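Reader: Please take one part of this model and go through it closely. I would like to know how the strands are put together and what packs against them. Keep it brisk.

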Amino acid sequence: MIAAASDVIWDNRSACGRRYSVTCTGPTNQVVPQPCRGSVVVTIVDYCPAGCAATFELSQEAFTIIADPNAGKVQIEYHQV
């Protein structure tokens, strides 16, 4: 499972290779009012460029584990593992 990191955690490429546990905590819109499914551990493999509106951009496979893909974006909690 992989993800791109935004400036919040990118740390001038230091985040590359780090692993984070990411847990869905709630919706960001009413399209899917209860999107959460759980948690996933991802490895940072890329940078989410300036303007990225998220802390992580999860791969489709990783996002599907934590939330309904129809939600598009969800609130999360995360910590390095």
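Author: Start at one pair of residues: Ala4 has Glu57 in β4 as its bridge partner. The model is a predicted one, and this pair is a way into its sheet. β1 and β4 run antiparallel to each other, joined by three bridges.

Now take the other partner of β1. β1 and β3 are parallel, with four bridges between them. Two pairs show the register. Ile2 faces Thr43 of β3. Ala3 faces Ile44 of β3.

Move on to β2. β3 and β2 are antiparallel and share five bridges. Here Arg19 has Thr43 of β3 as its bridge partner. Thr43 is thus named on both sides of β3: opposite Ile2 and as partner of Arg19. From β2 the sheet goes on to β5. Seven antiparallel bridges link β2 and β5. Among the residues involved, Tyr20 is bridged to Gln80 in β5.

Put together, the order is β4-β1-β3-β2-β5. That is an open sheet of five strands with mixed pairing. Which strands stand at the edges? They are β4 and β5 (74–80). Each has a single partner strand, so one side of each has no neighbour in the sheet. Neighbouring strands are turned against each other by 45 degrees on average, ignoring direction.

What packs here? The largest nonpolar core holds 20 residues. Val42, Ile44, Phe56, Leu58 and Ile66 have the most contacts inside it. Several elements each give two or more residues to this core. Among them are the strands β1 (2–5), β2 (19–27), β3 (39–47) and β4 (56–58). The helices α1 (7–10) and α2 (60–66) are also on that list. This fits a general trend: nonpolar side chains tend to be buried together in soluble globular proteins.

Leu58 gives a closer view. Setting aside residues up to four places away in sequence, Leu58 touches Ile2, Ala3, Val22, Val42, Phe63 and Ile66. Two of these were met above as bridge residues: Ile2, opposite Thr43, and Ala3, opposite Ile44.

Next comes Ser59, in the loop between β4 and α2. Is Ser59 buried or exposed? Its relative accessibility is 14%, so Ser59 counts as buried. Ser59 and Ala3 are 56 residues apart in sequence, yet their C-alpha atoms are 5.6 Å apart in space.

Go across to β2 for another serine. Ser21 sits in strand β2. With a relative accessible area of 11%, Ser21 is buried. Apart from neighbours within four places in sequence, Ser21 is in contact with Val40, Val41, Glu77, Tyr78, His79 and Val81.

Tyr78 also belongs to the aromatic picture. Four aromatic pairs are counted in the model. One of them is Trp10 with Tyr47, a tilted pair. The ring centres are 5.1 Å apart and the planes make 45 degrees. Why does this pair tie together parts that are apart in sequence? Trp10 lies in helix α1 and Tyr47 in strand β3, so the pair links parts 37 residues apart in sequence. The two rings are not equally covered. Trp10 is buried, at 13% relative accessibility. Tyr47 is partly exposed, at 27%.

There is also an aromatic cluster, made of Tyr20, Phe56 and Tyr78. Two of its members have already come up. Tyr20 is the bridge partner of Gln80. Phe56 is among the residues with the most contacts inside the core.

One loop remains. Asn29 lies in the loop between β2 and β3. Asn29 is partly exposed, at 25% relative accessibility. Its C-alpha atom lies 8.1 Å from that of Lys73, 44 residues apart in sequence.

Last, the record. An unreviewed UniProt entry places the feature "domain: Expansin-like EG45" at residues 1–81. In this model the span is 40% strand and 14% helix. Its end C-alpha atoms lie 14 Å apart.

How values were computed:
Residues numbered from 1 in each chain as written. Predicted model: local features only at pLDDT ≥ 70, side-chain atom pairs only at ≥ 80, totals over all residues. Heavy atoms only, no water. Core = buried A, V, L, I, M, F, W, Y, C linked by side-chain atoms within 4.5 Å. Buried < 20%, exposed > 50% of the residue type's maximum accessible area, 1.4 Å probe, protein only. Contact = heavy atoms within 4.5 Å. Pairing = 2+ DSSP bridges. UniProt positions renumbered as here; feature names shortened; annotations may be inferred. Axes fitted to C-alpha atoms, helices over the stretch in contact; angles between N-to-C directions. Phe/Tyr/Trp six-rings, centres within 6.5 Å; stacked < 30°, edge-to-face > 60°.
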